[in-house]
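Me: I have a new structure open and want a quick tour. Can we go through it piece by piece?

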Amino acid sequence: MTTEDNSTIIRAGHVVEGFTAAGQPVIHEDAGILIHDGSVARIGPYADVVRDAPGVPVLGGADQIVIPGLINAHHHVGTTPFQLGSPDHPLELWFASRLALRDVDLRLDTLVSAFEMIASGVTTVQHLHSRAPGNVDDVLAAGETVMEAYRTIGMRASYSMALRDQNRLVYEADEAFVARLPSHLRPAMADYFRRFTLPLADQVSVFHALRRRVDGDPLIAVQIAPANLHWLSDAALETAAELSATTGAPMHMHLVETPYQREYARRRSGGTAFRHIARLGLAGPRLTIGHGVWMSEDDIAACAASGTRICHNCSSNFRLKSGVAPVGRFVAEGIPVALGIDEAGINDDRDMLQEMRLALTVHRRPGLDTPSLSAAEVLRMATEHGAGTTPFGERIGRLTPGSAADLVILDWPTVTRPYQSPDMPLIDVLVRRARTDAVKTVMIGGEVVYRDGRFTRIDRETVMTEIGERFARPLTEAETERRKLARDVFPHVRDFYEGWFDGN
């Protein structure tokens, strides 16, 4: 093979190609990966790969390990709610406290979290844009700004603007909640709801417009995000299912994140949330459920039978007092489980290596013989199963020839310093001990976007300085008013949920 400018060889002591159908890792020793035109062209013994591609530049080394790019399958924002003044309340109260959040520059905000994700080996993000104020043009502009930020840094992203047509703060109609408030709070609360109210037909038009605008883009795709059962009427749920069926776009939907959401589903449908959305046509391989903490055993069996996927958001579930998801049961039933960091991880950042360690550790029930997640299962969640939740599918999450060249090169001496027994399996060591200081190179679509602590397309310090300067400015009048509204409305949100479980 002749030397070509768009080819690269990756050298590694070990390459994790992916997983077998049974979930066993496929590992190559003393390996080489030939990258050509942004894809994996060949994987095999390093001596053979370099012999057959003379003159092609080489990255990595014999003391490096290569894994498929990690996939954050559930993500929302850059600067975290905690940074912006919203404590880790239980989810239903957290929604109220978030009314006080400051306005952010979407480009800078998106880059803030992208820096953290890439530095921890994330090459693809499932960006679930929860809300944007204004009319169709405003919402379109918000989506385009976020997607352009990912293009700028070179990150692969699946973008969606959440579908939502009801119950924007508590689990009842907006107008009913406004009527509950003291008269002096009603105008401000009603005005807030109006800012985030877009007719369902307009929301559908936004989806189609964004999808047209990214058509053919190798890094950016658009999918559907029916927000959650309480946020959607049956008409909106049926619309999401129809959109997915006609376009083939996957869906990602929050569901039964908390016991209050489980109770809401019971009150609304007389049954469970999963059964309700299944009746309306959403369940199936194109749907990923975010959280699923409070799914029943029958729901889990039905989810598995339908081919529906689940994304586990371990840190978020802890921080917002949502509970511990039955991930072991999901895996035992054969449900493909992805991994997401949600708003932020346990350290208020977007470190996917740490999120994998947390997931590995949390789901270890007491007992000598109780089943636990293996390190291989967790790595598969963060790669192959995450890929299945996105429109990119099998193009990512693996390093099989034909796959996109999305990969991470880690320095093994850094991972194992000062010592690691060779008796421990490589994947176990990787998941238990790898930290961001071991991430030496991140490649996305064949392009190096991060190397030796520096981003190749954009200067991190410049962006961080700029966003810091923006937040150093005094609060605007609108921000001050929202902060007061959040403080005043908070106790009324708490009152709304009082007694929900009395007598149950």
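Me: Start with I9. What is the bridge partner of I9 in β4?
Reply: That partner is V58. Keep in mind that this is a predicted model.

Me: How many bridges join β1 to β4, and do the strands run parallel or antiparallel?
Reply: There are 6 bridges between β1 (residues 7–19) and β4 (residues 58–68). The two strands run parallel.

Me: What sheet has β1 and β4 in its order?
Reply: An open sheet of 8 strands. The order is β3-β2-β1-β4-β14-β15-β16-β17, and the pairing is mixed.

Me: Which are the edge strands?
Reply: β3 (39–45) and β17 (454–455). Each of them pairs on one side only.

Me: Stay with the sheet. Where does D30 lie?
Reply: In strand β2, which covers residues 25–36. D30 has a phi near 45 degrees, a positive value in a residue other than glycine.

Me: What sign does phi usually have?
Reply: Most residues other than glycine have a negative phi.

Me: Is D30 buried or exposed?
Reply: In between. Its relative accessible area is 42%, so D30 counts as partly exposed.

Me: What about K321, what is its phi?
Reply: Near 55 degrees, again a positive value in a residue that is not glycine. K321 sits in the loop between α12 (314–319) and α13. Its relative accessibility is 62%, and the cut-off for exposed is over 50%, so K321 counts as exposed.

Me: And the peptide bonds. Which residues does a cis bond join?
Reply: R417 and P418, with omega at about 0 degrees. P418 is in the loop between α17 (412–416) and α18 (426–433).

Me: Switching to pockets. How much space lies in the largest one?
Reply: About 670 Å³. The largest pocket is lined by 27 residues, and the closest to its centre are R102, V104, R131, P133 and F196.

Me: Which elements supply at least two residues of that lining?
Reply: α3 (106–119), β6 (122–129), α4 (136–153) and α6 (186–195). Helix α3 gives the most, with 3 residues.

Me: How does the lining of the largest pocket split by class?
Reply: It has 14 nonpolar, 6 polar and 7 charged residues.

Me: And how much space lies in the second largest pocket?
Reply: About 270 Å³. Its lining has 16 residues, with V327, G328, R329, R365 and P371 nearest the centre. Helix α13 (residues 327–332) gives the most to this lining, 5 residues. By class there are 9 nonpolar, 3 polar and 4 charged residues.

Me: Now the enclosed spaces. How many cavities of 30 Å³ or more does the count come to?
Reply: The count is 6. The largest cavity holds about 330 Å³ of space. It is lined by 27 residues, and S130, M161, A162, R164 and Q203 lie nearest its centre.

Me: Which elements give two or more residues to that lining?
Reply: β7 (156–163), α6 and α7 (200–213). The largest share comes from β7, with 5 residues. The class split is 17 nonpolar, 6 polar and 4 charged.

Me: What about the second largest cavity, how much space lies there?
Reply: About 210 Å³. Of its 26 lining residues, H76, S130, W231, H254 and E343 are the closest to the centre. Helix α2 gives the most to the lining, with 3 residues. The lining has 10 nonpolar, 10 polar and 6 charged residues.

Me: Last topic, α20. How far apart are its end C-alpha atoms?
Reply: They are 31 Å apart. The helix has 21 residues (477–497), which should span 30 Å at 1.5 Å a residue, so the two values agree.

Me: Where does α20 bend?
Reply: At V489, by about 35 degrees. A proline, P491, follows within four residues.

Me: Which residues of α20 are buried?
Reply: E479, R482, L485, A486, V489, F490, V493, F496 and Y497.

Me: Why does spacing matter when reading a list like that?
Reply: An α-helix has 3.6 residues a turn, so residues three or four places apart point the same way.

Terms used
Residues are numbered from 1 along each chain as its sequence is written. This is a predicted model: local features need pLDDT of at least 70, side-chain atom pairs count only at pLDDT 80 or more; totals for chains, interfaces and linings use all residues. Side-chain values use heavy atoms; hydrogens and water are left out. On a 1 Å grid over the protein atoms alone, a cavity is a set of points where a 1.4 Å probe fits but cannot get out, and a pocket is an open set with protein on both sides within 12 Å along at least five of seven lines; lining residues have an atom within 4 Å of a point. Grid points are joined across faces, edges and corners, and a volume is the space filled by probe spheres set on the points. Ala, Val, Leu, Ile, Met, Phe, Trp, Tyr, Cys and Pro count as nonpolar, Asp, Glu, Lys and Arg as charged, and the others, Gly among them, as polar. Two strands pair if DSSP finds at least two bridges between them. The expected span of a helix is 1.5 Å times one less than its number of residues. The bend at a residue is the angle between axes fitted to the seven residues ending there and the seven starting there. Buried means under 20% relative accessible area, exposed over 50%, partly exposed in between (1.4 Å probe, protein chains only).
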